[in-house]
Amino acid sequence: MPKVLYIDDNKKSGFLYGTILKRMFGSEIELISIQPESKLKNMVTGILAEKDLVSLIIDERMNETGIAEYSGMVLVGEIRKIKEKLPIYILTSYPGDITENLFEVEYVIDKSDLNKPETEKQYTSRFRRHTGQYKDILSVRNEIYNKLLIKNINEGLTEEEKKDFLKLDNIRSKNIYYDDPIISKEVEKELLNQNDKLTELLKQIEDIEKKIK
């Protein structure tokens, strides 16, 4: 099932707004309310480990209670380096605090707006539209990647297809390589080995094509 993570350092706030957000996303998406990790690196690693993630909702003042060493927008900046299309929202009681890098999030949402029927309805529509579009993007990416992978094995790829394949492969790899302390040395070695084999295979294909020409 598609997942949305709501990250808030305050347990009471997390429960209150988590309940509202669950209602807004409906039964087709699992809303998970969590507290942030202390270290930014660990928080990013945890987010990337989540399967079927379609959106993030992040409290801006996560460092207010001392649980986290970073703010919500700092976390957004790190996630954007890896997941450029993921819908991300900042949820805060102090929207005026955020004046920089607003382009990195879909919306900065005032928490009080979620308690208003008229604005709740508006955001419900936007949430569902954005997550639906993101699911479509993931589906298309996976379909294209699998088709190119099979074609590469069976008959080879055109120059344009190779570029597309490597680009998609790079997107998939970003989820793995974030200085991830969870991945063992053996797994990391195998992943790097597979990547080297793929690069070598594409080089061999290019050499063959040059000889044919």
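1. Asp52 lies in the loop that links α2 and β3. In this predicted model, the phi angle of Asp52 is near 60°, which is a positive value in a residue other than glycine. For a student new to backbone angles, it helps to know that most residues other than glycine have a negative phi.

2. Turning to the chain as a whole, the secondary structure comes to 6 helices and 5 strands, and, read from the N terminus on, the elements follow the order β-α-β-α-β-α-β-β-α-α-α. The protein chain has 213 residues, of which 39% count as buried. Among the contacts with a separation of 6 or more, 69% are made by residues 24 or more positions apart.

3. The largest nonpolar core contains 40 residues, and those with the most contacts inside it are Leu21, Leu56 and Leu75. At least two residues of this core come from each of β1 (3–7), α1 (11–25), α2 (40–49), β3 (53–59), α3 (72–80), β4 (88–92) and α4 (117–154).

4. Leu75 deserves a separate look, being one of the residues with the most contacts inside that core. When its neighbours within four places in sequence are left aside, Leu75 is in contact with Ile7, Leu40, Met43, Val44, Ile47, Ile58, Met62 and Tyr70.

5. How much of α3 is buried? The helix is mostly covered, with 8 of its 9 residues buried, and these are Gly72, Met73, Leu75, Val76, Gly77, Glu78, Ile79 and Arg80. The elements that cover the buried residues of α3 include β1, α2, β3 and β4.

6. The packing of α2 against α3 can be followed residue by residue, since Leu40, Met43, Val44 and Ile47 in α2 meet Val74, Leu75, Glu78 and Ile79 in α3. The residues of this contact divide into 7 nonpolar, no polar and 1 charged.

7. What is the geometry of this helix pair? The axes of α2 and α3 come within 10 Å and cross at roughly 55°. Angles under 35 degrees count as roughly parallel and those from 65 to 115 as roughly perpendicular, and α2 and α3 are therefore oblique to each other. The crossing of the two helices, α2 and α3, is right-handed.

Notes. Residues are numbered from 1 along each chain as its sequence is written. This is a predicted model: local features need pLDDT of at least 70, side-chain atom pairs count only at pLDDT 80 or more; totals for chains, interfaces and linings use all residues. Side-chain values use heavy atoms; hydrogens and water are left out. A nonpolar core is a set of buried Ala, Val, Leu, Ile, Met, Phe, Trp, Tyr and Cys residues joined through side-chain atoms within 4.5 Å. Buried means under 20% relative accessible area, exposed over 50%, partly exposed in between (1.4 Å probe, protein chains only). Helices (H or I, at least four residues) and strands (E, at least two) are DSSP runs, numbered from the N terminus. Contact means heavy atoms within 4.5 Å. Axes are lines fitted to C-alpha atoms, for helices over the stretch in contact, and angles run from 0 to 180 degrees between N-to-C directions. Angles under 35 degrees count as roughly parallel, over 145 as roughly antiparallel, 65 to 115 as roughly perpendicular and the rest as oblique. A crossing is left-handed if the near helix is turned anticlockwise from the far one by less than a right angle, and right-handed if clockwise. Ala, Val, Leu, Ile, Met, Phe, Trp, Tyr, Cys and Pro count as nonpolar, Asp, Glu, Lys and Arg as charged, and the others, Gly among them, as polar.
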